[in-house]
Amino acid sequence: MKLNLRYYGDSILRKTALRIDEITPEIVQLSQDMIETMNDYQAVGLAAPQIGCLLRIYVFRDFHSISEDNYHFGPPEIAINPEISSPSKEMEEMVEGCLSLPDLHVTVKRPKKIHIRYQDIHGNWEESDLEGFIARVNMHENDHLNGVLHIDRTSSKERKAVQPLLQKIKHLHTKKKP
Ligand code: ZN
């Protein structure tokens with residue numbers, strides 16, 4: 001089932017998500033619905049707060065660009081209770097988008113490499129060293145679990161520049177529907 005997105009201005013996006021102690025059938029269903037939603041939006045990541053659920057889970061996938069109009073996605077993956085460590089000193093800048101802030105793209109500087117561990121849908125801990133795009137996706141989604149958005153991590157100059165667009169998103173999506 002495709003889930004409804006929460007947008008910038010919704011207070012749930014600023015809250016800290018709670019640890020998942022037990023992977024119940026509801027969590028399994030949630031992860032499947034999140035993957036379906038991510039696929040539907042042609043996105044590379046989706047965190048639970050973005051669909052109104054304050055739990056430490058996100059889904060993500062890799063992205064390979066072959067040419068400008070030829071690209072493919074990696075298989076969807078699920079991360080539960082993620083923990084990021086050992087960020088590299090080397091930083092990298094990349095333009096990021098977010099489903100909760102439609103049409104808004106900002107340049108974000110993040111570590112190039114990280115170490116990550118998280119539980120898969122069976123509760124088993126997986127560990128890996130990530131680099132580049134896939135590391136960035138995980139950092140972006142993990143931020144959502146702590147109430148942090150990409151606009152918080154861009155330059156103050158860029159944050160100022162996107163203010164009108166932020167107000168527009170807030171107005172468009174938090175307006176009460178008749
Ligand atoms: Zn996002």
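A residue counts as exposed when its relative accessible area is over 50%, and as buried when that figure is under 20%. Ser86 has a relative accessible area of 55%, so it falls on the exposed side. Keep those cut-offs handy as you look around this model, which is a predicted one. We'll go through the sheet, the helices, the zinc site, the aromatic rings, a hairpin and two residues with a backbone angle worth a look.

**The sheet**

- Let's start with 5 strands that make up an open sheet, and you can trace them in the order β1-β2-β5-β8-β9, with antiparallel pairing.
- At the edges you'll find β1 (45-47) and β9 (125-131), each of which pairs on one side only.
- Neighbouring strands here don't line up perfectly: on average they are turned by 40 degrees against each other, direction ignored.
- What holds paired strands together? In general, strands of a sheet pair through backbone hydrogen bonds, and the pairing can be parallel or antiparallel.
- For a look at one pairing, take strand β2 (residues 57-60) and strand β5 (residues 77-85), which run antiparallel and are joined by 4 bridges.
- Phe60 has Glu77 as its bridge partner in β5.

**The helices on the sheet**

- Helix α1 (residues 25-40) lies across β1, β2 and β5, and it runs at about 40 degrees to β2.
- Helix α2 packs on the sheet too, touching β1, β2, β5, β8 (113-119) and β9, and its direction makes about 150 degrees with that of β2.
- Now zoom in on Asn138, which sits in helix α2 (residues 133-144).
- Is Asn138 buried or exposed? Its relative accessibility is 0%, so Asn138 counts as buried.
- Setting aside neighbours within four places in sequence, Asn138 is in contact with several residues, including Tyr58, Phe60, Ile84 and Leu130.

**The zinc site**

- Which residues coordinate the zinc ion? They are Cys98 (through SG), His140 (through NE2) and His144 (through NE2), at 2.1 to 2.2 Å.
- Along the chain, the donors follow the spacing C-x41-H-x3-H.
- Cys98 belongs to strand β6 (residues 91-98) and His144 to helix α2, so this pair, 46 residues apart, links distant parts of the chain.
- Cys98 has a relative accessible area of 10%, so it is buried.
- His144 counts as buried as well, because its relative accessibility is 2%.

**Aromatic rings and charges**

- The structure holds 6 aromatic pairs.
- One of them is Phe63 with Phe133: the ring centres are 5.9 Å apart and there are 45 degrees between the planes, which makes the pair tilted.
- Phe63 is in strand β3 (residues 63-67) while Phe133 is in helix α2, so their pairing ties together parts that are 70 residues apart in sequence.
- Phe63 is partly exposed because its relative accessibility is 29%, and Phe133 is partly exposed with a relative accessible area of 27%.
- Phe63 and Phe133 also belong to one aromatic cluster with Tyr71 and Phe73.
- Phe73 has a charge for company: the charged end of Arg61 sits over its ring, 3.7 Å from the centre.
- Elsewhere, Arg117 lies over the face of Trp125, at 4.0 Å from the ring centre.

**The β3-β4 hairpin**

- β3 and strand β4 (residues 70-73) run antiparallel, with 4 bridges joining them.
- A hairpin makes the connection from β3 to β4, using 2 residues.
- His64 has His72 as its bridge partner in β4.
- Ser65 is found in β3 and counts as exposed, because its relative accessibility is 51%.
- Not counting residues up to four places away in sequence, Ser65 touches Asn70 and Tyr71.

**Backbone angles to check out**

- As a rule of thumb, most residues other than glycine have a negative phi.
- Ser86 has a positive value, with phi near 45 degrees.
- You'll find Ser86 in the loop between β5 and β6.
- Asp103 also has a positive phi, near 65 degrees, and its place is in strand β7 (residues 101-111).
- Asp103 counts as exposed because its relative accessibility is 69%.

Technical notes. Residues numbered from 1 in each chain as written. Predicted model: local features only at pLDDT ≥ 70, side-chain atom pairs only at ≥ 80, totals over all residues. Heavy atoms only, no water. Buried < 20%, exposed > 50% of the residue type's maximum accessible area, 1.4 Å probe, protein only. Contact = heavy atoms within 4.5 Å. Pairing = 2+ DSSP bridges. Axes fitted to C-alpha atoms, helices over the stretch in contact; angles between N-to-C directions. Donors = N, O, S within 2.8 Å, 3.2 Å for Na, K, Ca; no water. Phe/Tyr/Trp six-rings, centres within 6.5 Å; stacked < 30°, edge-to-face > 60°. Lys NZ or Arg CZ within 6 Å of the ring centre and 35° of its normal.
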